[in-house]
Amino acid sequence: FDPEHKKVCQDMKQPLSHYFINSSHNTYLIEDQFRGPSDITGYIRALKMGCRSVELDVWDGPDNEPVIYTGHTMTSQIVFRSVIDIINKYAFFASEYPLILCLENHCSIKQQKVMVQHMKKILGDKLHTQSPNIEESYLPSPESLKGKILVKA
């Protein structure tokens with residue numbers, strides 16, 4: 001690894017879509033994707049390594065609490081709220097540039113509302129909620145989104 005690449009060496013004022021994004025798929029899985037355990041340490045590790053897009057496969061859980069796991073498999077489940085807590089804590093550990101939460105949403109409307117409540121309460125001002133400017137033909141830049149968490153669903 002070239003240590004020179006640890007620092008930002010590009011113009012970060014271009015539209016977000018003009019960059020390659022360090023992404024993590026099945027971030028919650030720490031072993032086998034069909035019967036292995038799900039754990040919040042997967043998110044901690046990915047965020048500490050600089051991932052700027054993490055995946056959350058969200059399903060209806062017991063007691064109206066959404067859970068994250070690979071559906072229709074034997075992987076274990078983790079509570080959505082716990083993952084949002086960890087994301088809040090580590091989102092900007094390795095980088096101040098925006099973090100994208102890639103939600104693969106399998107929840108009922110009722111539990112989707114719970115997800116929104118958790119994200120608003122836990123992430124607060126970090127959550128990017130500004131509507132896109134219809135006058136603009138491009139996404140905002142990473143520079144303008146520093147310290148923000150975007151939700152893609």
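Read along the sequence, this chain runs β-α-β-β-β-α-β-α-β, where helices (H or I, at least four residues) and strands (E, at least two) are DSSP runs numbered from the N terminus. The model is a predicted one, in which local features need pLDDT of at least 70, side-chain atom pairs count only at pLDDT 80 or more, and totals for chains, interfaces and linings use all residues. Residues are numbered from 1 along each chain as its sequence is written, and side-chain values use heavy atoms, with hydrogens and water left out.

**Exercise 1. Work out the overall build of the chain.**

Step 1: count the elements. You should get three helices and six strands.

Step 2: check the compactness. The radius of gyration, taken over C-alpha atoms, is 16 Å, and the globule rule gives 15 Å for 153 residues, so the chain is as compact as a globular protein of that length. That rule is 2.2 Å times the number of residues to the power 0.38.

Step 3: get the dimensions. The C-alpha trace spans about 45 × 40 × 25 Å along its principal axes.

Step 4: look at the contacts, meaning heavy atoms within 4.5 Å. Of those with a separation of 6 or more, 69% link residues 24 or more positions apart.

Step 5: sort out inside and outside. Buried means under 20% relative accessible area, exposed over 50%, and partly exposed in between (1.4 Å probe, protein chains only). On that scale, 42% of the 153 residues are buried. The accessible surface (Shrake-Rupley, 1.4 Å probe; for residues, only the protein chains shown count as cover) comes to about 9,400 Å², with 52% belonging to carbon and sulfur atoms.

**Exercise 2. Find the largest nonpolar core and say which elements build it.**

Step 1: set the rule. A nonpolar core is a set of buried Ala, Val, Leu, Ile, Met, Phe, Trp, Tyr and Cys residues joined through side-chain atoms within 4.5 Å.

Step 2: apply it. The largest such core has 29 residues, and Tyr 43, Leu 56, Ile 87 and Leu 101 have the most contacts inside it.

Step 3: trace the suppliers. Helix H1 (41-48), strand E2 (53-59), helix H2 (80-90), strand E5 (99-106) and helix H3 (109-123) each give at least two residues. H2 provides the largest share, six residues.

Step 4: zoom in on Leu 101. Leaving out residues up to four places away in sequence, its partners include Val 54, Leu 56, Ile 84, Ile 87, Met 119 and Leu 123, plus the run Ile 149, Leu 150, Val 151 and Lys 152.

**Exercise 3. Describe how H1 is packed and what comes after it.**

Step 1: pick out the buried residues. In H1 they are Gly 42, Tyr 43, Ile 44, Ala 46 and Leu 47.

Step 2: find their cover. It includes strand E1 (23-24), E2, strand E3 (67-68), strand E4 (78-79), H2 and E5.

Step 3: step past the helix. There you meet Gly 50, with a positive phi near 95°.

**Exercise 4. Compare the surroundings of Asp 57, Asp 63 and Asp 85.**

Step 1: start with Asp 57, in strand E2. At 5% relative accessibility, Asp 57 is buried. Beyond four places in sequence, Asp 57 touches Asn 26, Tyr 28, Val 67, Ile 68, Tyr 69, Thr 70 and Glu 104.

Step 2: move to Asp 63, in the loop between E2 and E3. Asp 63 is exposed at 75%, and its phi is positive, about 55°, although it isn't a glycine. Most residues other than glycine have a negative phi.

Step 3: finish with Asp 85, in helix H2. Its 40% relative accessible area makes Asp 85 partly exposed.

**Exercise 5. Show how the E2–E3 loop meets helix H3.**

Step 1: take Gly 61 from the loop between E2 and E3. Gly 61 is buried, at 15% relative accessible area.

Step 2: list its partners beyond four places in sequence: Pro 66, Val 67 and Gln 111.

Step 3: cross to Gln 111, which lies in H3 and is buried at 6% relative accessibility.

Step 4: read the contact from the other side. With neighbours within four places set aside, Gln 111 is in contact with Trp 59, Asp 60, Gly 61, Asn 64, Glu 65 and Pro 66.
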